[in-house]
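These are my notebook entries on a structure I opened today, kept in the order in which I looked things up.

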Amino acid sequence: MDKEESIATTVLGITMSIAIAIYATLPQTETYQKEIEIPQGGTLYGTIANAASDKDNLSDVLDKTMRDYGLTDTTVQPGQKFIITLRK
C-alpha cells in the first residue's frame with residue numbers, strides 16, 4: 001500500500017467513525033404497530049395512508065410492510081390483514 005492509499009484509508013476510517021458516532025447520538029424514533037384490514041375495493045397503499053399520520057413516510061411504511069410479508073407487488077384481497085409499523 002502506497003502513501004496515498006494509506007491516507008485515503010485513514011480518512012475513510014475517520015469519516016466512518018464520525019458518521020457512526022453521530023448516528024448513535026440521534027434520538028431514536030418511537031414506533032408502534034397497528035393492524036390494518038384491506039376494505040372492499042381498497043389498496044394496500046390507501047389502507048396504510050388511512051392508518052398513518054403526518055409523521056409517517058408512506059413509501060417507507062409500504063416498503064417495510066411488503067418486505068415483512070414477502071410481497072412482490074401491492075395486489076391484496078379484501079379482508080386481508082397486515083401489521084404495520086408507524087411512528088408515535
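I began with burial and found that, of the 88 residues of this predicted model, 18% count as buried, where I take buried to mean under 20% relative accessible area. I then looked up the accessible surface, which comes to about 6,600 Å², with 54% of that belonging to carbon and sulfur atoms.

Next I checked the overall dimensions. The radius of gyration is 20 Å, whereas a compact globule of 88 residues would have one near 12 Å, and the C-alpha trace spans about 65 × 30 × 15 Å along its principal axes.

For the secondary structure I noted 3 helices and 2 strands, which follow the pattern α-β-α-α-β when I read along the sequence.

I turned to the strands and saw that strand 1 (residues 31-37) and strand 2 run antiparallel and are joined by 7 bridges; within this pairing, Gln33 stands opposite Thr85 in strand 2.

Which side chains of strand 2 (residues 81-87) are buried, and which are not? I found that Phe82, Ile84 and Leu86 point to one face and are buried, while Lys81, Ile83, Thr85 and Arg87 point to the other face and are not. In a regular strand the side chains alternate between the two faces of the sheet.

I also looked at contacts between residues at least 6 apart in sequence, and recorded that 62% of them join residues at least 24 apart.

Last, I looked up the charges: there are 8 positive and 12 negative ones, and their mean positions are 8 Å apart.

Terms used. Residues are numbered from 1 along each chain as its sequence is written. This is a predicted model: local features need pLDDT of at least 70, side-chain atom pairs count only at pLDDT 80 or more; totals for chains, interfaces and linings use all residues. Side-chain values use heavy atoms; hydrogens and water are left out. Helices (H or I, at least four residues) and strands (E, at least two) are DSSP runs, numbered from the N terminus. The radius of gyration is taken over C-alpha atoms; the globule rule is 2.2 Å times the number of residues to the power 0.38. Buried means under 20% relative accessible area, exposed over 50%, partly exposed in between (1.4 Å probe, protein chains only). Contact means heavy atoms within 4.5 Å. Accessible areas come from the Shrake-Rupley method with a 1.4 Å probe; for residues, only the protein chains shown count as cover. Lys and Arg count as positive and Asp and Glu as negative; His and the chain ends are not counted. The place of a charge is taken as NZ of Lys, CZ of Arg, CG of Asp or CD of Glu. Two strands pair if DSSP finds at least two bridges between them.
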